[in-house]
Amino acid sequence: MKIAEFTLERIQSLYENVVEFNLSDSGVHPYRLSELLNDEQKETLLDIELGYGWTNGKTQLRETIANLYQGYNADNVMVTNGSAEANFLMVMSILNPGDELIVVVPNYLQIAGWAKAIGVNVIEVPLLENNHWLPDLDKLESLVTDKTKMLTICHPNNPTGSTLPVAQIQKLVDFASKHKLYLHADEVYKGAEFDGVELPSFADLYDKAIVTCGLSKAMAMPGLRLGWLVGPTEEIYSTWQSKDYTSITTGAVSEYVANIVLQPEFRQKVLQRSKDFLINNLNTLQKWVDDNSDWVSFIPPKAGGMAFIQYKLKVNSTTLVHEFKDELGVFLLPGDVYGMDGYFRVGIGAPADHLTIGLERIANYVRSKYL
Ligand SMILES: Cc1ncc(COP(=O)(O)O)c(C=O)c1O
């Protein structure tokens with residue numbers, strides 16, 4: 001089996017830790033462990049026995065996660081190393097060579113990457129910029145064949161930050177239900193909706209939904225590497241079969257912290273911090289786009305830690321991003337990694353001063369070199 005380079009991750013990994021201003025991330029500037037725990041919890045943390053634990057996740061944590069959804073229990077939950085492992089297990093345990101997978105694009109690309117590698121046929125449905133980065137759901141019917149097994153969506157979306165109106169969410173569920181398809185939703189940005197109204201989870205709306213999620217994005221704790229799957233008991237059990245072959249288990253320290261931060265009240269506090277952070281930065285970005293409207297434009301995101309900006313310069317997005325990095329010490333993600341040249345992704349979860357200075361450097365540079 002051969003798998004294509006995951007350029008989105010590779011380019012970030014190469015540069016995000018060495019540039020002066022990293023504006024390439026899609027999450028919110030991370031917490032420190034010391035900000036999350038009280039004195040008693042810190043003591044307990046230091047006393048944690050560093051054993052293996054459960055390969056599907058500690059029962060108490062699986063119950064805490066199940067309680068975030070309606071009508072689920074610990075058997076409906078698999079705890080994973082980041083939502084990346086959750087996505088991987090989902091593909092490996094549910095899809096087979098020859099299956100067809102409908103993928104709403106652009107998105108994080110990990111699911112399609114693995115699916116193609118194992119011989120799944122990937123059928124793309126575009127989010128349309130001229131429709132506020134929403135899909136034309138009427139097109140879906142024509143894509144279904146007797147091989148179609150699943151539809152997957154990243155919701156809220158990476159990289160556009162778009163969210164489906166509730167009527168469209170229901171329409172997707174009805175479509176999946178009519179054709180007896182699995183509906184997979186990557187919901188790592190859920191909870192960071194800027195209007196303050198948390199979207200319903202697909203897991204709460206459909207009995208063949210499989211949701212992947214985690215603490216990395218809306219919850220601002222990527223270093224814990226804590227993610228999960230929620231779905232029907234049998235399918236979750238089959239992801240466990242794969243998990244035993246991959247990372248065995250998640251870290252005991254991460255599981256302990258996860259069980260604290262996922263208690264409903266604590267979770268809301270964390271999400272409020274994320275929203276405050278992101279809304280403030282989105283205002284900065286909006287002003288910058290307004291000031292530079294002769295060469296950039298965007299549909300403002302509705303959730304999540306990023307904005308997808310279209311630019312009108314006669315230069316390839318990867319070339320441009322490398323120029324910004326090398327000349328200005330500012331790193332963005334090129335649209336090329338999504339197969340969408342002419343765009344770049346700006347992380348709005350970066351510290352406010354990094355965003356302000358980084359954007360200012362970019363505007364000055366572009367004005368002197370390209371305009
Ligand atoms: C949509 C989406 N899903 C999953 C991931 C993987 O993140 P993690 O494994 O840290 O949860 C990312 C990372 O950028 C992402 O953007």
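Colleague: Which residues line the second largest cavity, and what makes them lining residues?

Modeller: In this predicted model, the second largest cavity is lined by Val104, Leu127, Trp133, Ile153, Cys154, His155, Asn157, Ser162 and Leu164; they count as lining because lining residues have an atom within 4 Å of a grid point. About 50 Å³ of space lies in this cavity, and its lining divides into 6 nonpolar, 3 polar and no charged residues.

Colleague: How many cavities of 30 Å³ or more does the structure hold, and what lines the largest cavity?

Modeller: The structure holds 2 cavities of 30 Å³ or more, and the largest cavity, with about 70 Å³ of space, has a lining that includes Asn87, Tyr108, Thr152 and Asp186. Helix H6 (110-117) and strand S6 (148-154) are the elements that give two or more residues to that lining, and S6 contributes the largest share, 3 residues.

Colleague: Why is the space taken by the ligand called a pocket?

Modeller: The space taken by the ligand is the largest pocket, and the word is pocket rather than cavity because a pocket is an open set of points, whereas from a cavity the probe cannot get out.

Colleague: What makes the pair between serine 83 and the ligand a polar contact?

Modeller: A polar side-chain atom of serine 83 lies 2.6 Å from an oxygen atom of the ligand, and the cut-off for a pair of N or O atoms is 3.5 Å, so the pair qualifies. By that cut-off the backbone of alanine 84, with a polar atom 2.9 Å from a ligand oxygen, therefore qualifies too.

How values were computed
Residues numbered from 1 in each chain as written. Predicted model: local features only at pLDDT ≥ 70, side-chain atom pairs only at ≥ 80, totals over all residues. Heavy atoms only, no water. Polar contact = N/O pair within 3.5 Å; in protein donor to acceptor, adjacent residues only side chain to side chain. 1 Å grid on protein atoms, 1.4 Å probe; cavity = no way out; pocket = protein on both sides within 12 Å on 5 of 7 lines; lining within 4 Å. Sits in = over half its atoms within 2 Å of the grid points. Points joined across faces, edges and corners; volume = space filled by probe spheres on them. Helix = DSSP H or I, 4+ residues; strand = E, 2+ residues; numbered from the N terminus. Nonpolar A, V, L, I, M, F, W, Y, C, P; charged D, E, K, R; others polar.
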